[in-house]
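Colleague: Could you take me on a close look at one spot in this structure, and then show me how that spot fits into the rest? I'm happy to follow a long answer with the model open beside me.

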Amino acid sequence: MNTLFVGHKLIRLESVDSTNKYAAKLVSLPDWVEGTAIVAEEQHGGKGRHDRTWDSEPGKNLTVSFLFKPHFLNSQQTFLLQKFSALAVADTLKNFTGTQPRIKWPNDIYVGSKKIAGILNGTSFQGDSFKSAIIGIGVNVNQTFFGRYNATSLKNERAQDFDLEELFGRLCEMLEKRYLQLKRSDKVIQRDYHDQLFGLGEVRMYSFRGTKKEAVLQRVDEEGNAHFLTSSGAVNCAIDDVTWIW
Ligand code: BTN
């Protein structure tokens, strides 16, 4: 892989409960290295957002956690981690797999109307600055059956198998590119995240704390709140306040 530091230290695990859990143990030790990647062939306790599980057939998909030290951000800028990592996953799929991904707020990656990748980030602070950020990424690659989940994979979309090694290398490159871009300034990250948002400017059905309403997503602000326009006016939502119905 063609990177300065991301993925240089690589921990490969045949089986683990969750690469994010493994990563959390690593960053609690003194000498961990920025850019470390923990890749698992199989997770038997994969974690998703909101305490959900992340199910992935062994050996078929990418399940990986990366370690970063974003000392240049403060605690008010946490959502930038969601933005840069979502963009890096979307870049990887767009540039190397011929799919057209969109970012579904806050950080799901969709192709068409189905989820193809998910990201779970974990952070720790020292005072107001970051000590560590764990970026946990699951990409559905060669799995073809998802049961009750509204999910897809690269194989389902492109009718071919993908090389997990190669895809991992590309993901490292895109993560590093977006991370270094963020380090310089958040301007491009803010713009590109906005431009790639799923459902932006479209009338869709949402549930706002249980109340169903048509609304148009207008933007996601720097704290990660989504701004909608409804027939009864503007509504600003934190991540747990709204679910998509379509
Ligand atoms: C979500 O969409 O809910 C987030 C899913 C994140 C899954 C990845 S797989 C690698 C890493 N380890 C985990 O246990 N979860 C993340």
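Modeller: Gladly! Let's begin at threonine 63, which sits in strand β3, a run covering residues 62-68. Please keep in mind as we go that this is a predicted model. Threonine 63 counts as buried because its relative accessibility is 3%, below the 20% cut-off for that label. Its side chain has a polar partner: the side chain of threonine 63 reaches the backbone oxygen of alanine 40 at 2.8 Å. That alanine is also among the contacts of threonine 63 from beyond four places in sequence, which are Thr19, Ile38, Val39, Ala40, Gln43, Trp54, Ser56 and Ile137.

Two names in that list lead us to the ligand. A polar side-chain atom of threonine 19 is 3.0 Å from a ligand nitrogen. Glutamine 43 also offers a polar side-chain atom, 2.9 Å from a nitrogen atom of the ligand. With lysine 47, the backbone takes part: one of its polar backbone atoms lies 2.7 Å from an oxygen of the ligand. Taken alone, the ligand would expose 410 Å², and the protein buries 99% of that. The ligand has 20 residues around it, and those that come nearest are Ser18, Gln43, Lys47, Arg49 and Lys115.

If you carry on along the chain from there, you reach a loop worth a pause. Histidine 50 is in the loop between β2 (37-43) and β3, and aspartate 51 belongs to the loop between β2 and β3 as well. What catches the eye here is the backbone. Most residues other than glycine have a negative phi. Histidine 50 has a positive phi, near 55°, and aspartate 51 has a positive one too, near 60°. As for cover, histidine 50 is partly exposed because its relative accessible area is 45%, whereas aspartate 51 is exposed, with a relative accessible area of 72%.

Now back to strand β3 and inward. The largest nonpolar core has 57 residues, and Phe66, Phe68, Phe84, Trp105, Ile137 and Phe228 are the members with the most contacts inside it. Ile137 is one you have already met, as a contact of threonine 63. Helix α2 (residues 79-97) gives this core its largest share, ten residues. The core also draws at least three residues from each of domain 1 (10-195) and domain 2 (203-244). Phenylalanine 84 shows what such a core residue touches: leaving aside neighbours within four places in sequence, its contacts are Phe68, Ile135, Leu175, Arg178, Tyr179, Leu182 and Ile189. There is a second, separate core as well, made of eleven residues, including Ile11, Leu26, Val27 and Leu67.

Ile189, from the list for phenylalanine 84, takes us to helix α5. In this helix (residues 187-195), Ile189, Gln190, Asp192 and Tyr193 are buried. Their cover includes α2, β4 (101-104), α4 (164-184) and β9 (211-220). The two domains themselves, domain 1 (10-195) and domain 2 (203-244), come from the domain assignment. Ten residues of domain 1 are in contact with 15 residues of domain 2, and the C-alpha centres of the two domains lie 25 Å apart.

Trp105, from the core, has a backbone detail of its own. The peptide bond that leads from tryptophan 105 to proline 106 is cis, with omega near 5°. Proline 106 is placed in the loop between β4 and β5 (108-111). For context, most peptide bonds are trans.

Two last stops make a nice pair. Leucine 154, in helix α3 (residues 154-158), is buried, with a relative accessibility of 0%. It touches Leu93, Thr97, Thr99, Ile116, Asn140, Val141, Ala159, Phe162 and Leu167, not counting residues up to four places away in sequence. Leucine 154 and isoleucine 116 are 38 residues apart along the chain, and their C-alpha atoms are separated by 7.5 Å. Glycine 127, in the loop between β6 (114-126) and β7 (129-139), counts as exposed because its relative accessibility is 74%. Glycine 127 and valine 139 are twelve residues apart along the chain, with 33 Å between their C-alpha atoms.

Note on methods. Residues are numbered from 1 along each chain as its sequence is written. This is a predicted model: local features need pLDDT of at least 70, side-chain atom pairs count only at pLDDT 80 or more; totals for chains, interfaces and linings use all residues. Side-chain values use heavy atoms; hydrogens and water are left out. A nonpolar core is a set of buried Ala, Val, Leu, Ile, Met, Phe, Trp, Tyr and Cys residues joined through side-chain atoms within 4.5 Å. Buried means under 20% relative accessible area, exposed over 50%, partly exposed in between (1.4 Å probe, protein chains only). Helices (H or I, at least four residues) and strands (E, at least two) are DSSP runs, numbered from the N terminus. Domain bounds come from an automatic or database domain assignment. Contact means heavy atoms within 4.5 Å. A residue is near a molecule or strand if one of its heavy atoms lies within 4 Å of it. A polar contact is a pair of N or O atoms within 3.5 Å; within protein, one must be able to donate a hydrogen and the other to accept it, and residues adjacent in sequence count only if both atoms are side-chain atoms. Accessible areas come from the Shrake-Rupley method with a 1.4 Å probe; for residues, only the protein chains shown count as cover.
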